[in-house]
Amino acid sequence: MDDFEIRDGEMFCEGVALTAIAAEVGTPVYVYSTASMRRQARALQEALSDLADPLIAYAVKANPNSAVIATFAAAGLGADVVSGGEYRRAIKAGVPADRIVFSGVGKTADEMRLALETGLFQFNVESFEEAEMLSAVAAEMGRIAPMGFRVNPDVAAGGHAKITTGSAENKFGIAISDAPAAYARAAALPGLKVQGVAVHIGSQLTDLQPLERAFTRVGELLAALRAAGHDITVADLGGGLGVSYDPSQPPPASPADYGAMVCRVTRDWNARLVFEPGRLMVGNAGVLLSRVIRVKPGATDPFVIVDAAMNDLMRPTLYDAWHNIEAVRPRGATQRSNVVGPVCETGDTFATGRDMDAVAPDDLVVFRTAGAYAAAMAGTYNTRALTPEVLVDGDRWALIRKRLEVEELIAGDLMPDWLAGCAAVAKG
Ligand code: LLP
């Protein structure tokens with residue numbers, strides 16, 4: 001089921017024509033479907049409905065827009081945050097504090113204080129050194145910090161090297177073999193409630209096997225920790241389930257398959273399970289809407305130069321990621337094309353030798369599957385405005401982040417005294 005489809009010759013997001021959004025907001029612009037987000041949340045909730053009270057904590061990093069977080073909060077999800085900024089966004093968007101998990105390898109004392117002040121479900125602590133800092137901060141505030149250690153199960157998850165996290169050489173978590181000693185030492189620290197164990201092995205995982213291997217190791221650790229006297233009541237299984245980017249490839253495991261595997265592996269755990277899905281919730285709920293500036297001949301195939309660039313959507317240049325590119329008003333023909341942005345780097349390439357809808361200058365195109373890690377990772381390289389975001393819900397739509405205009409970017413620069421004269425001279 002897809003909420004971006006061609007009707008009467010042009011692409012709609014739910015009940016709204018993308019041409020209408022482009023006409024009013026301009027391009028490039030991210031467009032998200034509320035119906036898609038709700039459906040994904042429901043699919044995972046249903047897949048996990050045999051579990052007793054699971055906590056599905058939406059991984060805010062995938063798409064941190066406040067309206068997106070609020071959409072998931074209204075659907076009953078919590079939030080997985082990795083910075084003080086994400087924590088504040090989650091609270092402000094209406095996520096109850098007791099549904100917030102705080103992950104991340106470099107939490108500062110200030111971030112710990114912020115979360116302890118308002119409360120949270122659990123800190124996922126990534127080293128014994130971090131547990132010591134958390135203990136000191138909590139003790140000084142007279143609070144008890146609920147925590148679990150993130151363990152690294154040393155399972156190769158496959159996928160792109162830049163987003164795999166569960167191999168021994170990655171920076172995340174503590175080695176699972178060191179976990180019993182870390183729990184014993186943490187249990188002796190003041191200010192901590194050592195209640196959980198957490199794992200997350202990578203992202204855009206399409207196959208359940210590495211996840212099952214990791215969860216099985218977590219189950220063994222859980223038993224060992226309880227045998228050693230720790231009262232572990234929470235197991236956080238992280239995120240990572242992939243979505244379909246290229247419809248010509250076999251689809252990734254579904255939420256239902258994932259849920260069935262989780263229920264089977266964790267049947268005897270007797271722990272509250274936490275999940276941290278990001279991409280699965282929003283990946284296919286968004287597109288980047290862009291306009292063709294011009295088409296110029298190439299050595300073999302033409303270059304389609306669009307007004308979106310690597311600063312707006314980094315995934316292709318960073319991870320060689322595939323995003324389907326489709327015309328908003330298909331002309332009924334296809335053309336092998338190279339799709340590039342205006343930024344002055346060869347890496348600013350979205351597709352090479354791609355058979356896709358034929359397009360002409362001024363046509364609108366969409367980059368599909370751009371709801372996750374897309375706007376979230378956008379920047380302003382080449383002094384380009386920061387791309388706005390729009391949320392559609394049925395027949396209505398709203399701007400949920402305004403375009404950060406070039407004038408505003410320039411206004412953020414400050415001129416030191418000793419250059420002020422030169423700038424004035426240059427101006428005058
Ligand atoms: N939990 C933790 C601790 C994580 O580090 C992540 C993602 C998630 C949950 C959510 O994972 P998901 O369900 O979205 O796979 N920028 C990259 C992806 C980086 C993922 C980082 N961590 C990309 O565009 O593919």
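In the residue classes used here, Ala, Val, Leu, Ile, Met, Phe, Trp, Tyr, Cys and Pro count as nonpolar, Asp, Glu, Lys and Arg as charged, and the others, Gly among them, as polar. This is a predicted model, where local features need pLDDT of at least 70 and side-chain atom pairs pLDDT 80 or more, while totals for chains, interfaces and linings use all residues. Numbering runs from 1 along each chain as its sequence is written, and side-chain values use heavy atoms, with hydrogens and water left out.

## Around the ligand

Let's start with the shell. It holds 18 residues, each with a heavy atom within 4 Å of the ligand, and the closest are Ser203, Glu276, Arg315, Tyr319 and Tyr373. By class, the shell splits into six nonpolar, six polar and six charged residues. Domain 1 (4-31 + 283-410) and domain 2 (33-281) both contribute to this shell, so the ligand sits between them; the domain bounds come from an automatic or database assignment.

## Polar contacts and cover

Now for the polar contacts with the ligand (pairs of N or O atoms within 3.5 Å). Two involve backbone: a polar backbone atom of Gly240 is 2.8 Å from a ligand oxygen, and one of Gly278 is 2.9 Å from a ligand oxygen. From Lys61, a polar side-chain atom lies 3.4 Å from an oxygen atom of the ligand. On its own the ligand has 590 Å² of accessible area, and the protein covers 91% of that (Shrake-Rupley method, 1.4 Å probe).

## Aromatic pairs

Rings of Phe, Tyr and Trp (its six-membered ring) pair if their centres lie within 6.5 Å; planes under 30 degrees apart count as stacked, over 60 as edge-to-face and the rest as tilted. The count comes to seven aromatic pairs. Phe102 and Phe123 are a stacked one, because their ring centres are 5.9 Å apart and their planes meet at 25°. Phe102 belongs to strand β7 (residues 100-102) and Phe123 to strand β8 (residues 122-125), so the pair ties together parts 21 residues apart in sequence. Strands here are DSSP runs (E, at least two residues), numbered from the N terminus. Phe102, at 0% relative accessibility, counts as buried, and so does Phe123 at 1% (the cut-off is under 20% relative accessible area, 1.4 Å probe, protein chains only). Together with Tyr87, these two rings form one aromatic cluster.

Phe350 and Phe367 make a tilted pair, 4.6 Å centre to centre with 55° between the planes. This one links strand β18 (residues 349-357), home of Phe350, to strand β19 (residues 364-367), home of Phe367, with the partners 17 residues apart. Both Phe350 and Phe367 are buried.

Notes
A polar contact is a pair of N or O atoms within 3.5 Å; within protein, one must be able to donate a hydrogen and the other to accept it, and residues adjacent in sequence count only if both atoms are side-chain atoms. Helices (H or I, at least four residues) and strands (E, at least two) are DSSP runs, numbered from the N terminus. Buried means under 20% relative accessible area, exposed over 50%, partly exposed in between (1.4 Å probe, protein chains only).
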